[in-house]
Amino acid sequence: MKPIDFIKLILKHKTILIVVPLIFGLLAVLLTVNPKRSYYSETMLYTGIASGSSIEMDKTFNYLAANNAFDNLINVIKSRDTQEEVAIRLLSQHLSLKKPNHKFISDESYEALMEILPEDLKSYLANDQNLDENGNLDYESTVTYLTELMNSDNSNFVYSLLSFDDPHYSLEAISKVKVERISSSDLVKLSYEIDDPGICQQTLKIYIDVCTKKYKDLKENGSDTVVKYFEAQLSESEKKLKTIEQKLLKFNQDNNIINYYEQSKAVAIVKEDMDVAYKKGMAQLAGSEASAQRLEEKLAIQELIQQKNNAIVDSKKELGELNYKIGMYTAKSSNDEVSKQNLENLKKQAKALQKEIKSNVDELYTFQNSTDGVPIKKVLPDWVDKTVESEDLKAKLSVMNQQNKAIEKQFATYAPAGANLKRIEREINVAEQEYLEILHGLNLAKLKFQDAQLSSNLTAVDPPFYPLKPIPSKRKIIIIAMVFITGIIILATILFMEFFDDTLKNELKASEKLQIPSMGMLPKLFKAKPYLDLVRMQDRLMDFVMQNFHQNFKAQNNTKTPKIIIVFSTRNNEGKSVITANIAKRLKASGHSVLVLNHSNEDKSKTRVSKSPWLYKFLGYQDPRIDYDHPFLSQITTGLSASEYSVYNTNKAYKDVVNYEELSVDTSEAINQNPDYVLIELPNLIEFNYPSELIANSDLVLMVCRSNRLWTKADNNILDHIKELVGDKIQFIVNGVDIKEIETVLGELPKKRSKTRVRIKNMFRFQFFTNNHI
């Protein structure tokens, strides 16, 4: 859309764009004559969630956790339970007053409250038992009573007051308290707007107390539950640990165990030493017994030694006797041979006896000394020692054997005791670890509980103030906004309708949709304003139509007579009859003979509907009434003789007609037999069958369509069939276009315009030198 087109659209709807917003603005003025005054107060709570102190020294800041905590706090503040308690406490506060107090409630609000109180509640307020020492209604007792009354059923006064639309005590009114976090700080702002300044301030004060208490209870109850859980688990774990320790004590007492591992280690060492000593003693005993046995073998030749000693003694005696005899023979110094022989024999005997003695002495020495050269006399003490030693070793081994049996018996006791003791100690270790873990969890839970107590302390850093002035009225803004928004909506609606207008509208748009050549377009003939000469404009447009009409036959070099022109439309009431009659009149005026064949002789002007023009005129639109006095809309047969205009029947044979002469003409007059042009108007093709051969044999097919209609798929299908029949011999005329659309054909419409308007119009057209002469 060009800027000038946009301006034209605005100017076309200028009245509705001005009048309707003004009407709505006037309505806003009337509705806001007595504006309801509102008072505003606010307060800020410090939460300490993001940057507050914490017992957990290694606690790091978590952005998501902080946002979650703020969401929890805001949801607690906005919860229905909190709103109910605030409403009940506010109501209790006002019921506790004996008379209106502007600090708490205005006179009007107090009187309105007293008027709606039921009798049972008035009786409760008048009961002396519900008064305190100062004669005032006890506040907390009233809160408890109203809470119980509200929870008793859903039809009591308090429940109804909170559930419906009371301006001060309903949940709808309390829910208007706005809660928001201030940027990314630890502050939460509560604001309230209502028609009573006292109620505005007191509601926020009560809100602070209630939400602080509820948030603290919520935080502490969760942590306290965890602490109690760990304390209960710690008690059970402690009992379990003590039971197992008592079991260990009894086991040690039954098995005389002081320190099992040290005792078992000592027994093992003693047993090992005893085994070594026993094996060593056995080895010594074996050695001693072997030595004693060998010594006993040596002591067995003692008898032989005695015999050898006796033999040596006897030999010595005999040798002494022989030496005596030899000495005696030598002393006699006898030289006789007998003496010499005797002496020699004695010496031989003495020598032989010496050898024998020596041999016996050697044997005796051998017997008296061991193979190691030890004297036999020393073997006996050794044998005795070895025998005594063996017996001593046997006694020791006997004692050691008894000790080994005692140790083995103790081992038999300690072996299963070790496994049982290990199992008991393992149970104690598991129970102890469980106890320590639970104790650690308890400590963490207590830290968390203390941290929750610190973080749940909401502090009002900016208490709610008492509003002295009402909020400035937004009446002017509302009125201006109403006018502006209404104008925007109307303009958007107009632009929406213009943008999505899918009608044929004008010659250019129709050409894009129909994809066939155009013969021209004709405006809708309303009752024109004085400055518009529609007769002249319509004549000029018909001149263009006729010029295109004749140019079409010239381009075809068509000299055929008569020339058959088919005029049709896909829908009813498209203006075919009027256009056909006017084309015939123009042809007749130019000296041609014509024949008009129509399927109907109905005068549509007789069925016209009267429209009231005052609303259209008021809104600045064109007069909707059609100017049936316009020459173009004169009766169809005006200017045509009876032989030039006939009506044919659309009977069963109609669809099989090949030429115009076969049409069943319903007239008693003779028709023109040799016309130059035959104009045949067909009924609308969607409702009636059409003669295909007649259309195919025609010289020109002219389709008439209204500019304010949508071109549908059904219309397009029929047009495609006609195109297949006639090829490029088809053209169309757009009928009933808007007056301003014909500027594309005739240029600017004749109209009186100021110089300023002309300049502005040229500016939007970007035409700044159009008035300069060459």
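This passage describes the overall make-up of a predicted chain, a surface patch of negative charge and one exposed lysine. The model is predicted, with local features requiring pLDDT of at least 70 and side-chain atom pairs counting only at pLDDT 80 or more, whereas totals for chains, interfaces and linings use all residues. Residues are numbered from 1 along each chain as its sequence is written, and side-chain values use heavy atoms, with hydrogens and water left out.

The chain contains 23 helices and eleven strands, defined as DSSP runs numbered from the N terminus (helices, H or I, at least four residues; strands, E, at least two). Of its 774 residues, 36% are buried, that is, under 20% relative accessible area (exposed means over 50%, partly exposed in between; 1.4 Å probe, protein chains only). The accessible surface of the chain is about 46,000 Å², and carbon and sulfur atoms account for 55% of this surface, as computed by the Shrake-Rupley method with a 1.4 Å probe. Where contacts (heavy atoms within 4.5 Å) join residues at least 6 apart in sequence, 80% are between residues at least 24 apart.

On the surface, a patch of negative charge is formed by Asp314, Glu318, Glu321 and Glu356; patch residues have over 30% relative accessible area and no salt bridge, and like charges are joined within 9 Å. A salt bridge is here a side-chain nitrogen of Lys or Arg within 4 Å of a carboxyl oxygen of Asp or Glu. Helix α12 (residues 302-332) supplies the largest share of the patch, three residues, and Glu321 is located in helix α12.

Lys239 belongs to helix α10 (residues 197-254) and is classed as exposed because its relative accessible area is 57%. Although Lys239 and Ala431 are 192 residues apart along the chain, their C-alpha atoms are separated by 9.7 Å.

Definitions and conventions
Patches are made of residues with over 30% relative accessible area and no salt bridge: like charges are joined within 9 Å, nonpolar side chains (Val, Leu, Ile, Met, Phe, Trp, Tyr) within 5 Å. Lys and Arg count as positive and Asp and Glu as negative; His and the chain ends are not counted. The place of a charge is taken as NZ of Lys, CZ of Arg, CG of Asp or CD of Glu.
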